[in-house]
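User: I am new to this structure and would like a close look at a single part. Please take one helix and the elements packed around it, and explain the terms as you go.

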Amino acid sequence: QIETAEHSLLHTYNRFPLILDRGEGMYLYDTEGKRYLDFYSGIGVFALGHHYPGFDDALKAQIDKLLHSSNYFYNEPAMEAAEKLTKAAGLGRVFFTNSGAEAVEGALKTAKKYGFIRDGFAGHEIIAMGHSFHGRTMGALSVTGTAHYREPFYPLVDGIRFADFNDLDSVRARLSDKTIAIITEPLQGEGGVYPATHEFIKGLRDLCDERDMILIFDEIQCGMGRTGKMFAYEHFGVRPDILTTAKALGLGLPVGAFAVTQRVAERSLTPGDHGTTYGGNPLVLCAAAKSVEMMKKRDILAHVNEMTPKFTGVLDDLIQKYEFVKDRRGMGFMQGLCLDEKVPVGEVVKKALFEGLITLCAGGNVLRLLPPLIAKESDIEKMRDILDGVFAGIAA
């Protein structure tokens with residue numbers, strides 16, 4: 001089957017030789033019945049694990065009612081999801097997309113339109129961060145701060161300047177009279193699981209306020225409860241002008257969003273400026289409304305905060321035990337173990353998979369751990385035991 005698939009699928013991923021069949025709670029199962037502890041969550045998508053009680057029933061009920069309406073009409077799931085998400089984010093308006101990359105595209109267009117209305121001309125610049133990751137579409141790729149992702153696809157969107165993450169002086173040095181927006185992840189994922197500092201985030205907010213610029217936070221991976229807050233920016237006591245989210249928003253269904261303050265909404269996109277055929281359809285927004293609702297009603301954030309010391313504690317113990325495990329970075333249930341370059345992280349991921357643990361890599365030889373937010377102490381201990389065995393084999 002895998003060989004047949006390789007003749008049909010475009011080879012843009014180096015897939016593991018594994019055919020996943022089903023999921024249940026914290027576990028995935030392959031077609032041969034082998035069970036895997038999921039500390040990957042489909043790259044942060046399955047925040048409530050697989051088949052969380054009540055979620056599937058809501059989707060099945062919506063399938064029987066309406067799948068698509070287009071955005072020329074209202075539908076109840078869209079209205080419900082919009083109300084719940086803007087309230088959770090503390091923002092004014094939201095536009096629903098098909099993916100995280102599309103959410104970033106919309107955020108960039110909104111910022112540029114804001115600048116056009118403010119100044120009466122186009123050609124504004126945007127500051128992005130080194131080692132950032134915002135998506136694979138041309139606009140999102142243009143603000144992704146890893147050169148080897150961008151270079152084969154030049155020319156990209158013009159007017160992007162890259163600053164150093166967590167370095168306010170670097171940001172200031174790239175400001176110009178044309179700068180309209182700054183985009184950053186409060187917690188970088190693909191780039192190596194780097195949290196922003198309070199000084200950096202507060203400084204960006206101050207810069208944007210001083211110069212009437214748009215602050216965009218990309219929380220596609222770090223949002224929706226992963227850090228112990230609904231959105232990671234809440235840890236810093238500031239609020240963005242535009243927020244992008246996706247992944248866990250749909251708990252497995254393809255939906256993203258960008259939300260904006262009321263002020264930005266009134267001074268940017270107008271009818272005809274932006275759109276999508278499938279974005280915001282009733283099925284995916286039933287999922288989005290349900291995900292926000294369940295995280296709130298079922299104390300998911302409290303659970304993440306309760307379990308985080310256990311999670312970080314067992315990872316810190318591994319650092320003490322193995323010399324080649326150098327450091328830990330992250331927030332809440334988004335953690336990275338930094339490995340010595342002599343121990344390729346890809347090999348660790350493969351060995352852990354063989355032992356029944358699904359993890360993933362990040363930039364800088366980092367083992368990235370994104371468990372479902374429902375992970376219990378016993379799940380964390382099992383993860384530790386498997387990694388301990390893998391590391392012990394490497395150290396032998």
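Analyst: What follows looks at helix H11 and its surroundings, and then at the sheets and a few local features.

This is a predicted model, in which local features need pLDDT of at least 70 and side-chain atom pairs count only at pLDDT 80 or more, while totals for chains, interfaces and linings use all residues. Residues are numbered from 1 along each chain as its sequence is written, and side-chain values use heavy atoms, with hydrogens and water left out.

Helices (H or I, at least four residues) and strands (E, at least two) are DSSP runs, numbered from the N terminus. Two packed helices are described by the angle between their axes and the distance between the axes. Here axes are lines fitted to C-alpha atoms, for helices over the stretch in contact, and angles run from 0 to 180 degrees between N-to-C directions.

Helix H11 covers residues 282-297, and its axis comes within 9 Å of the axis of helix H3 (residues 55-63), the two crossing at roughly 155 degrees. H3 and H11 are therefore roughly antiparallel to each other, a label for angles over 145 degrees, where under 35 counts as roughly parallel, 65 to 115 as roughly perpendicular and the rest as oblique. Their crossing is right-handed; a crossing is left-handed if the near helix is turned anticlockwise from the far one by less than a right angle, and right-handed if clockwise. On the H3 side, the contact (heavy atoms within 4.5 Å) is made by Phe55, Ala58, Leu59, Gln62 and Ile63, and on the H11 side by Pro282, Leu283, Cys286, Ala287, Lys290 and Met294. These residues divide into 9 nonpolar, 1 polar and 1 charged, where Ala, Val, Leu, Ile, Met, Phe, Trp, Tyr, Cys and Pro count as nonpolar, Asp, Glu, Lys and Arg as charged, and the others, Gly among them, as polar.

H11 also packs with H4, at an angle of about 40 degrees and with the axes 8 Å apart, and H4 passes H11 in a left-handed crossing. Among the residues that meet there are Pro77, Ala81 and Leu85 in H4 and Leu285, Ala289 and Val292 in H11. By class, the contact of H4 with H11 has 11 nonpolar, no polar and 4 charged residues.

Helix H4 (residues 76-89) also lies across strands S4, S11 and S12, running at about 120 degrees to S4. These strands belong to an open sheet of 7 strands with mixed pairing, in the order S4-S12-S11-S10-S7-S5-S6, and two strands pair if DSSP finds at least two bridges between them. The edge strands, each pairing on one side only, are S4 (93-97) and S6 (160-163), and the twist averages 20 degrees from one strand to the next. Within this sheet, S11 (residues 242-245) and S12 (residues 256-260) pair in the antiparallel sense over 4 bridges, with Leu243 opposite Ala259 in S12.

The loop between helix H10 (262-266) and H11 holds Asp273, which is linked to Lys113 in helix H5 (residues 100-119), 160 residues apart. Lys113 and Asp273 form a salt bridge whose closest N and O atoms are 2.4 Å apart; the term covers a side-chain nitrogen of Lys or Arg within 4 Å of a carboxyl oxygen of Asp or Glu.

Elsewhere, the peptide bond from Tyr154 to Pro155 is cis, with omega near 0 degrees, and Pro155 lies in the loop between helix H7 (147-150) and S6.
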